[in-house]
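Subject: Structure handover

Hello,

Here is the structure for you to look through. Please open it alongside this note.

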Amino acid sequence: MLLVLGALNAVLAVVSMSTDVINLNASAQGGLLVAGVVTVAAGELVRRGSRLALYVCLTVFGSLLFLELTTRSPDDDTSAAPRLVVLSLVTLVLAAAAVLGRRR
């Protein structure tokens with residue numbers, strides 16, 4: 001899942017850099033590309049069984065989910081809902097992987 005998420009971030013950054021379909025400034029494009037590459041690398045480490053990478057990813061995505069949940073107000077529109085769903089799904093999958101890995 002981290003591999004897919006990272007690849008999507010990198011692809012969106014490249015699409016934004018090469019076309020006008022996604023309108024991002026240069027710093028957002030660079031940040032999205034770096035985040036995508038780092039996420040792919042972390043996903044590969046987790047896939048190969050690195051418990052440290054798993055716990056770091058779980059901490060990062062869990063923190064992002066916590067911040068997303070605590071900064072939302074009841075008046076927010078639904079445009080942030082997909083981001084909340086993705087963060088929730090990634091955090092749950094990482095937590096499940098940590099629990100299953102601990103049982104081995």
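Below is what came out of it, by topic.

Please keep in mind that this is a predicted model. Residue numbers start from 1 along the chain as its sequence is written.

**The pocket**

The largest pocket holds about 390 Å³ of space. It is lined by 17 residues, and those closest to its centre are Leu5, Thr39, Phe61, Leu64 and Leu87. Four helices each give two or more residues to this lining: H1 (2–18), H2 (26–47), H3 and H4. Which helix gives the most? H3 does, with six residues.

**Leu64 and the nonpolar patch**

Leu64 sits in helix H3, which covers residues 51–71. Leu64 is one of the residues closest to the pocket centre. Leu64 is also part of a nonpolar surface patch, together with Leu52, Val56 and Val60. The patch comes to about 360 Å². Is Leu64 buried, partly exposed or exposed? Its relative accessibility is 41%, so Leu64 counts as partly exposed. The cut-offs here are under 20% for buried and over 50% for exposed.

**Thr91**

Look next at helix H4, residues 81–103, where Thr91 is placed. Thr91 has 12% relative accessibility, so this residue counts as buried. What does Thr91 touch, leaving aside residues up to four places away in sequence? The contacts are Leu58, Phe61, Gly62 and Leu65. Of these contacts, Phe61 also appears among the residues closest to the centre of the largest pocket.

**Salt bridges**

The count is two salt bridges. Glu44 takes part in one with Arg47, at 2.7 Å from N to O. Glu44 forms another with Arg48, where the closest N and O atoms are 2.8 Å apart. Glu44, Arg47 and Arg48 are thus linked in a network.

Where do Arg47 and Glu44 lie? Both are in helix H2, three residues apart, which is about one turn of the helix.

How open are these side chains to the surface? Taking them in turn:

- Glu44 is at 21% relative accessibility, so it counts as partly exposed.
- Arg47 has a relative accessible area of 57%, so it is exposed.
- Arg48 has a relative accessible area of 67%, so it is exposed.

To start, I suggest viewing Leu64, which belongs to the patch and is among the residues closest to the pocket centre. Then turn to Glu44, which is bridged to Arg47 and to Arg48.

Best wishes

Technical notes:
This is a predicted model: local features need pLDDT of at least 70, side-chain atom pairs count only at pLDDT 80 or more; totals for chains, interfaces and linings use all residues. Side-chain values use heavy atoms; hydrogens and water are left out. Patches are made of residues with over 30% relative accessible area and no salt bridge: like charges are joined within 9 Å, nonpolar side chains (Val, Leu, Ile, Met, Phe, Trp, Tyr) within 5 Å. Accessible areas come from the Shrake-Rupley method with a 1.4 Å probe; for residues, only the protein chains shown count as cover. A salt bridge is a side-chain nitrogen of Lys or Arg within 4 Å of a carboxyl oxygen of Asp or Glu. Buried means under 20% relative accessible area, exposed over 50%, partly exposed in between (1.4 Å probe, protein chains only). Contact means heavy atoms within 4.5 Å. On a 1 Å grid over the protein atoms alone, a cavity is a set of points where a 1.4 Å probe fits but cannot get out, and a pocket is an open set with protein on both sides within 12 Å along at least five of seven lines; lining residues have an atom within 4 Å of a point. Grid points are joined across faces, edges and corners, and a volume is the space filled by probe spheres set on the points.
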